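Student: I would like a close look at one part of this structure. Please keep it brisk and connect that part to what surrounds it.

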Amino acid sequence: MKMQKDVVPASTSAPLQAQFVTITEEEAGQRIDNYLLRICKGVPKSHVYRILRSGEVRVNKGRIDQLYRLVQGDIVRIPPIRLAEKQEHHVPAAEFKIIFEDSHLLVIDKPAGVAVHGGSGVSFGVIEQLRASRPDAKFLELVHRLDRETSGLLLLAKKRSALTNLHEQMRDGLTDKRYLTMVAGDWKNARQHIKLPLHKYTTADGERRVSVSEDGNGMESHTIFSLLKKFDAYALLEAELKTGRTHQIRVHLSSSGFPILGDDKYGDFPLNKALQKASEGRGALKRMFLHAHQITFTHPDSGKNMTLNAPLAAECDRFLVSLGKPLN
């Protein structure tokens, strides 16, 4: 059930009525508050929790609290909700290069420059475009996220059971995510652990940023870097995430004196500008050199161990070739 078509904009005079929805297999298992927040797009969180506390939301004609977990077949009464009218953004349908797909999972190779979801000044992202291109899909949710300028493997769940299972695997450290990145500097070690606690904050203009926590109160963060190729001024590394913090690889490298080439938040800005034009001995690089190239996990339905790979993005590959040391 899509709540949007049952919600009446504030500017209309149509009478509002309660909606009764039956919980499907895919919707079962969610907490009632999370379910309402998902389907009542544009409704303030405070209002959702108010109608829960007041008993206006009922399940099988009875009162429930916000911690109630939905069961298949539950009949949920959703009270009349009036939304302020807002401009609708057209989301163009799009498909992306598919690495793997079955009835439970969709794994794509996300290009750089595309956000995974709308928000923070972006009207739409991968998830909205995929939903627009697959209007009959009953369920499609991001399993994890990639930065807008990062390319590579992105997992999406086609069943709630798959989403829950994969989130549990990630929380328990049972997945293995590897990235390819190129940094500036004289990298020495064949294998190096970086453990720096990270603190997330928002700048005055609303931009999300991360820094190494100086007071030790940041989130524990751990990345293992392996040296793949060394150049005069750069190094190609494989990054293995042991934790999955926002901007973890980027901040761990920048704070250690090895900024990622093309990183517009934590990188070497004069170098980034110079790299945008080809010079003698190298080609141009006009994006951040960070690519999610491999992920290993257990299939949420079959239990089979899976390792998926996405080839290095074309612009990064061309840059490597121009330096005389292609990846393969």
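Student: Which residues are buried in helix 7 (residues 314-322)?

Tutor: A note first: this is a predicted model. The buried residues of helix 7 are Cys-316, Phe-319 and Leu-320. They fall within an arc of 100 degrees when you look down the helix axis, so they line one face of helix 7. The general rule fits here. An α-helix has 3.6 residues a turn, so residues three or four places apart point the same way.

Take Cys-316. Its relative accessibility is 0%, so this residue counts as buried under the 20% cut-off. Cys-40 is buried too, because its relative accessibility is 3% and the cut-off is 20%. The structure holds 0 disulfides.

Now the cover. The buried residues of helix 7 are covered by elements that include strand 11, strand 16 and helix 6 (269-275). After helix 7 comes Gly-324. The phi of Gly-324 is positive, near 90 degrees.

Follow strand 16 next. This strand runs over residues 234-241 and contains Leu-241. Leu-241 has 14% relative accessibility, so it counts as buried. Leaving out residues up to four places away in sequence, Leu-241 touches Lys-177, Tyr-179, His-222, Thr-223, Gln-248 and Ile-249. Look at Tyr-179 in that list. Leu-241 and Tyr-179 are 62 residues apart along the chain, yet their C-alpha atoms are separated by 8.3 Å.

Strand 11 leads to a cavity. The strand covers 176-184, and it supplies at least two residues of the lining of the largest cavity. Strand 17 (290-298) also supplies at least two. With 4 residues, strand 17 gives the most to that lining. The full lining is His-144, Leu-153, Lys-177, Arg-178, Tyr-179, Ala-292, His-293, Gln-294 and Ile-295. Lys-177 and Tyr-179 appear here, and both are also touched by Leu-241. By type, the lining divides into 4 nonpolar, 3 polar and 2 charged residues. The volume of this cavity is about 40 Å³. The structure holds 1 cavity of 30 Å³ or more.

For comparison, turn to helix 3 (residues 126-133). Its buried residues are Val-126, Ile-127, Gln-129 and Leu-130. They cover an arc of only 165 degrees around the axis, which puts them on the same side of helix 3. They pack against strand 8 (105-110), strand 9 (141-142) and strand 10 (151-157). One residue of the cavity lining, Leu-153, falls within the range of strand 10.

Finally, set helix 7 in the whole chain. The secondary structure comes to 7 helices and 18 strands. The chain has 328 residues, and 43% of them count as buried. Among contacts with a separation of 6 or more, 64% are between residues 24 or more positions apart. The C-alpha trace spans about 70 × 45 × 45 Å along its principal axes.

To return to your question: Cys-316, Phe-319 and Leu-320 are the buried residues of helix 7. Strand 11, strand 16 and helix 6 are among the elements that cover them.

Definitions and conventions
Residues numbered from 1 in each chain as written. Predicted model: local features only at pLDDT ≥ 70, side-chain atom pairs only at ≥ 80, totals over all residues. Heavy atoms only, no water. Disulfide = S-S within 2.5 Å. Buried < 20%, exposed > 50% of the residue type's maximum accessible area, 1.4 Å probe, protein only. 1 Å grid on protein atoms, 1.4 Å probe; cavity = no way out; pocket = protein on both sides within 12 Å on 5 of 7 lines; lining within 4 Å. Points joined across faces, edges and corners; volume = space filled by probe spheres on them. Nonpolar A, V, L, I, M, F, W, Y, C, P; charged D, E, K, R; others polar. Arc of directions from axis to C-beta. Contact = heavy atoms within 4.5 Å.
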